[in-house]
Amino acid sequence: MASATGIPETRSGDAANHGRGEQEPLLGRAGDASQQEDQGLQFNFVIGTAVIAQVGIWILTATIWASVFVSPLMLFSAHPLLNSAGILLTTQAILLLQPTHTPKQKKQGANIHGILNLTSILTLIAALVVIEYNKIAHSGAHFVSPHAILGLITYILFFIQAIVGIAQYYTPGVFGSTEKAKSIYKYHRMSGYVILVMSFVTIAAATQTGFNKNILHIQLWAVVVASVITLIGVLPRIKKQKLGL
């Protein structure tokens, strides 16, 4: 039977007896990354391997922000600050929703997940406006470096992901029917993880730009290590059933 969020419910007895179903993470045992029925959503930020993800994403964010604030501040400084804040919020949105499995948890989690991601999108739009204004003001070339091209692709994917996610959950009729909207939930989740990885790749590419090499001095190895730590915390919490596996 489908829940209020459109995700098929798994009977607790089946999950307990077979170690399968909605509570089975990609790595580990059933329930290792599941929100308990008497727990608030705030615990989802640290359940299972989420602590590892938190360490990674906060190190990445702190590295970027520290590099910006120890360097001469200018309008362009807002670009890395806003982008890193957006990715931090996206990571939190993922960590929050991953452990939910009851209809009530899913509904509450989906709403806050949406708020976090909407805030993330707004910060990313602001970051895009800053870089475009800076390029126009200085007659700079647009989207020529690997970082710029990856960044544009990632921005577009973020915006598409947000539009589809909002439509799926809040206006499923645009897909023809509620059932059709529910049938593509798993693709929304899969693409979310792909976009997160793309975000980290884009940040890594940013370390090779002239602005970073001459001013910020963020090290590629630091970005890679922090990104890998974050993914080590995020990926094992993926629920197989939620991806249709």
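Tutor: Before we look at Val223, one term: a helix here is a DSSP run of H or I that covers at least four residues, and helices are numbered from the N terminus. With that in hand, Val223 can be placed in helix H9. Please also bear in mind that the model is predicted.

Student: OK, how many helices and strands does the protein chain have?

Tutor: The protein chain has nine helices and zero strands. Read from the N terminus on, its elements run α-α-α-α-α-α-α-α-α.

Student: Back to Val223, then. Buried or exposed?

Tutor: Val223 has a relative accessible area of 1%, and buried means under 20%, so Val223 is buried.

Student: What is Val223 in contact with, leaving aside its neighbours within four places in sequence?

Tutor: Its contacts are Leu60, Phe200, Ile203, Ala204, Thr207 and Ile218. There is also a pairing with Ile57 to note: Val223 and Ile57 are 166 residues apart in sequence, yet their C-alpha atoms are 9.8 Å apart in space.

Student: And for the protein chain, what share of contacts between residues at least 6 apart in sequence join residues at least 24 apart?

Tutor: For that set of contacts, the share is 72%.

Student: How do H7 and H9 pack?

Tutor: Two packed helices are described by the angle between their axes and the distance between the axes. For H7 and H9, which is residues 220-234, the angle is about 165° and the axes are 9 Å apart. Angles over 145 degrees count as roughly antiparallel, and H7 and H9 are therefore roughly antiparallel to each other. Their crossing is right-handed.

Student: Which residues in H7 meet H9?

Tutor: On the H7 side they are Tyr193, Leu196, Val197, Phe200, Ile203 and Ala204. On the H9 side, the partners are Leu220, Val223, Ser227, Thr230, Leu231 and Val234.

Student: Many of those numbers are a few places apart. What is the general rule for an α-helix?

Tutor: An α-helix has 3.6 residues a turn, so residues three or four places apart point the same way.

Student: Changing topic: where is Thr207?

Tutor: Thr207 sits in the loop between helix H7 (185-206) and helix H8 (210-216). With a relative accessible area of 4%, Thr207 is buried.

Student: What does the side chain of Thr207 make a polar contact with?

Tutor: One partner is the side chain of Gln208, at 2.9 Å. In addition, a polar atom of the Thr207 side chain lies 2.5 Å from the backbone oxygen of Ala204. Not counting residues up to four places away in sequence, Thr207 touches Asn212, Lys213, Ile218, Gln219, Leu220 and Val223.

Student: What about Arg237, buried or exposed?

Tutor: Arg237, in the segment after H9, is buried, with a relative accessible area of 1%. Its side chain reaches the backbone oxygen of Asn44 at 2.7 Å. Beyond four places in sequence, the contacts of Arg237 are Pro25, Ala33, Asn44, Ile47, Thr49, Ala50, Leu95, Gln98 and Pro99.

Student: Now H4. What should its 35 residues span?

Tutor: Helix H4 covers residues 103-137, and at 1.5 Å a residue it should span 51 Å. The C-alpha atoms at its ends are 50 Å apart, which agrees.

Student: How does H4 pack with H5?

Tutor: H4 and helix H5 (residues 146-170) pack at an angle of about 150°, with their axes 10 Å apart. That angle makes H4 roughly antiparallel to H5. The contact involves residues of H4 including Ala110, Ile121, Leu124 and Leu128, and residues of H5 including Tyr155, Phe158, Phe159 and Ala162. H4 passes H5 in a left-handed crossing.

Student: And what follows H4?

Tutor: Ser139 follows H4, in the loop between H4 and H5. Most residues other than glycine have a negative phi. Ser139 is not a glycine, yet its phi is positive, about 55°. Ser139 is exposed, with a relative accessible area of 69%.

Student: What is phi of His217 near?

Tutor: Phi of His217 is near 60°, which is also a positive value in a residue other than glycine. His217 lies in the loop between H8 and H9 and, at 46% relative accessibility, counts as partly exposed.

Student: Last one: what share of the 245 residues count as buried?

Tutor: Of the 245 residues of the protein chain, 45% count as buried.

How values were computed:
Residues are numbered from 1 along each chain as its sequence is written. This is a predicted model: local features need pLDDT of at least 70, side-chain atom pairs count only at pLDDT 80 or more; totals for chains, interfaces and linings use all residues. Side-chain values use heavy atoms; hydrogens and water are left out. Helices (H or I, at least four residues) and strands (E, at least two) are DSSP runs, numbered from the N terminus. The expected span of a helix is 1.5 Å times one less than its number of residues. Buried means under 20% relative accessible area, exposed over 50%, partly exposed in between (1.4 Å probe, protein chains only). A polar contact is a pair of N or O atoms within 3.5 Å; within protein, one must be able to donate a hydrogen and the other to accept it, and residues adjacent in sequence count only if both atoms are side-chain atoms. Contact means heavy atoms within 4.5 Å. Axes are lines fitted to C-alpha atoms, for helices over the stretch in contact, and angles run from 0 to 180 degrees between N-to-C directions. Angles under 35 degrees count as roughly parallel, over 145 as roughly antiparallel, 65 to 115 as roughly perpendicular and the rest as oblique. A crossing is left-handed if the near helix is turned anticlockwise from the far one by less than a right angle, and right-handed if clockwise.
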